[in-house]
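Some labels used for residues and contacts rest on cut-offs, and a careful reader may wish to see how each label is earned. Please look over the entry shown here before reading the exchange.

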Amino acid sequence: MAELHPALRAEAQAIAKRCVHCGFCLATCPTFQVVGDERDGPRGRIDLVTAALRGEPISKETLVHLDRCLSCLACETTCPSGVRYGRLATIGREYLEKERSPMGRLVRRAMGWLMPHPRRFAAALRLGRLVRPVLPAVLARMIPQPRHHGLAADQAQGIVAVGPTPAAAGRHAAGEVLLFHGCVQDALVPAINEATTTLLHGAGYVVRDTRPQCCGALPLHLGQAEDARQMARTLLDHLQPDLEKGIRCVVNASGCLAHMRDYGALLAQDACYAARAERAAGLFVEPAQLLQQLVRRDPSAPRHIMLHAPCTLQHGLHEAGSVQRLLEEAGFTVAQPAEAHLCCGAAGPYAILERAMAQSLKARKLAHLEAGEASMIVTANIGCLIHLAEGAHLPVRHYLELLQPKP
Ligand code: SF4
Ligand code: SF4
């Protein structure tokens with residue numbers, strides 16, 4: 001295992017120094033709220049990582065408490081001292097990965113081999129759905145059921161009515177954008193990218209699809225930092241000709257977008273890519289930034305909706321407001337649940353690797369999301385959508401699925 005880059009060690013130590021141990025972050029940390037153990041809160045984890053980086057003996061518990069962190073960044077939003085906990089945790093994970101048991105490493109390697117690779121993932125999903133009926137219930141529940149293959153199925157269920165794409169008036173006037181397809185979304189809910197394309201066309205954009213590929217967020221969640229860096233480089237190479245011309249890349253999964261905006265930090269030690277990664281960040285955009293003049297797909301569809309703003313959207317990107325505004329302008333009455341700042345427990349592969357905590361946070365989140373008069377839950381990230389849909393009584397949709405361009 002490669003040693004930690006000295007610059008990363010120095011960066012982690014500099015971040016940790018800013019922590020004044022006030023403990024404000026404990027009030028908004030989901031794992032501390034559930035477990036109540038200092039080591040399962042940001043302050044305790046900062047101490048665990050810095051002790052390890054100082055060369056103090058590392059106990060098995062250190063990795064357990066770091067694994068239990070969701071990387072939700074609620075602590076960053078709360079921290080009055082501007083501690084960049086997320087970067088510190090990422091560096092800590094890279095350093096501590098060598099402490100993982102062979103079995104733990106094997107499981108993560110297998111997930112890293114499967115999940116970020118679109119073809120492998122789609123094939124495994126098809127197979128999983130096929131054998132689902134004969135699997136034990138605990139495994140069967142982990143395999144997402146097909147929801148629909150396009151908006152037509154939602155229409156058939158009376159959830160939305162798909163209107164016609166507006167005529168070509170004004171088409172192409174807004175310029176060209178890329179649509180990032182990611183790794184798992186097309187296999188899980190293809191309707192999200194379909195809806196995004198329709199909406200961007202309606203707003204006058206020429207839309208070009210990117211090759212389906214992982215942005216690197218999944219391997220980073222799995223502690224495979226070098227794989228994450230390599231995926232970021234591959235994606236930047238693929239997008240380079242367009243990014244050089246200033247063409248923006250639309251990313252409709254907030255988990256991917258938050259990670260891609262952070263490419264500069266991820267590749268800071270790479271002389272060939274650091275500057276490119278930094279420049280690219282500004283060209284990765286949340287779709288709500290490009291969309292205006294929208295209407296509900298069906299005026300008789302649910303008007304009261306509950307917005308589950310993913311952690312990456314609210315704490316990572318700080319763009320939950322623009323999504324809410326877009327939905328309100330389109331005629332929805334949008335509410336946010338109590339404890340909106342708390343993570344739902346999805347967090348990439350966390351929902352599988354830390355199932356007990358993920359389920360506990362989901363139950364708490366769904367109780368709030370389903371408490372009001374809303375008849376639909378909307379979100380902006382495929383991971384949250386799949387996680388919440390397993391257990392929700394209300395339909396859970398990506399917010400773009402509810403909209404159509406104004407003709
Ligand atoms: S990232 Fe989230 S789970 Fe991790 S320490 Fe911060 S608030 Fe807690
Ligand atoms: S991370 Fe920030 S909020 Fe938490 S204890 Fe340190 S200074 Fe206080």
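The questions and answers below concern a predicted model and set computed values against the cut-offs behind each label.

Q: Why is valine 134 called exposed?
A: The label exposed requires a relative accessible area over 50%, and valine 134 has 70%, so valine 134 is classed as exposed. Valine 134 is found in the loop between helix H8 (118–131) and helix H9 (137–140), and together with Leu127, Leu130 and Val131 this residue forms a nonpolar patch on the surface, with about 420 Å² of accessible area together.

Q: Why is isoleucine 386 called partly exposed?
A: Buried means under 20% and exposed means over 50%, with partly exposed in between; the relative accessible area of isoleucine 386 is 21%, and therefore isoleucine 386 is partly exposed. The residue is found in helix H22 (residues 382–389) and, leaving aside its neighbours within four places in sequence, isoleucine 386 is in contact with Pro144, Leu188 and Val189.

Q: What makes the pair of glutamate 11 and arginine 87 a salt bridge?
A: A side-chain nitrogen of Lys or Arg has to lie within 4 Å of a carboxyl oxygen of Asp or Glu, and the closest N and O atoms of glutamate 11 and arginine 87 are 2.9 Å apart, so the pair meets the rule. The pair links distant parts of the chain, with glutamate 11 in helix H1 (residues 6–17) and arginine 87 in helix H6 (residues 85–96), 76 residues apart. Arginine 87 has a relative accessible area of 8% and is therefore buried, the limit being under 20%.

Q: Arginine 43 forms a salt bridge with glutamate 38, but which of the two is buried and which is partly exposed, and why?
A: Arginine 43 is at 17% relative accessibility and so counts as buried, under the 20% limit, whereas glutamate 38, with a relative accessible area of 31%, falls in between the limits of 20% and 50% and is therefore partly exposed. The closest N and O atoms of this pair are 2.8 Å apart.

Q: How do you know that glutamate 99 and lysine 98 meet in a salt bridge?
A: The N to O value for these side chains is 3.9 Å, and because the rule asks for a position within 4 Å, the pair is counted. Glutamate 99 is at 38% relative accessibility and counts as partly exposed, and lysine 98, with 30%, is also partly exposed. Elsewhere, salt bridges that share partners join Glu94, Glu226, Arg229, Arg233 and Asp270 into one network.

Note on methods
Residues numbered from 1 in each chain as written. Chains lettered and ligands numbered in written order. Predicted model: local features only at pLDDT ≥ 70, side-chain atom pairs only at ≥ 80, totals over all residues. Heavy atoms only, no water. Patch = residues over 30% accessible without salt bridge, like charges linked within 9 Å, V, L, I, M, F, W, Y side chains within 5 Å. Areas by Shrake-Rupley, 256 points an atom, 1.4 Å probe, with all protein chains shown as cover. Helix = DSSP H or I, 4+ residues; strand = E, 2+ residues; numbered from the N terminus. Buried < 20%, exposed > 50% of the residue type's maximum accessible area, 1.4 Å probe, protein only. Contact = heavy atoms within 4.5 Å.
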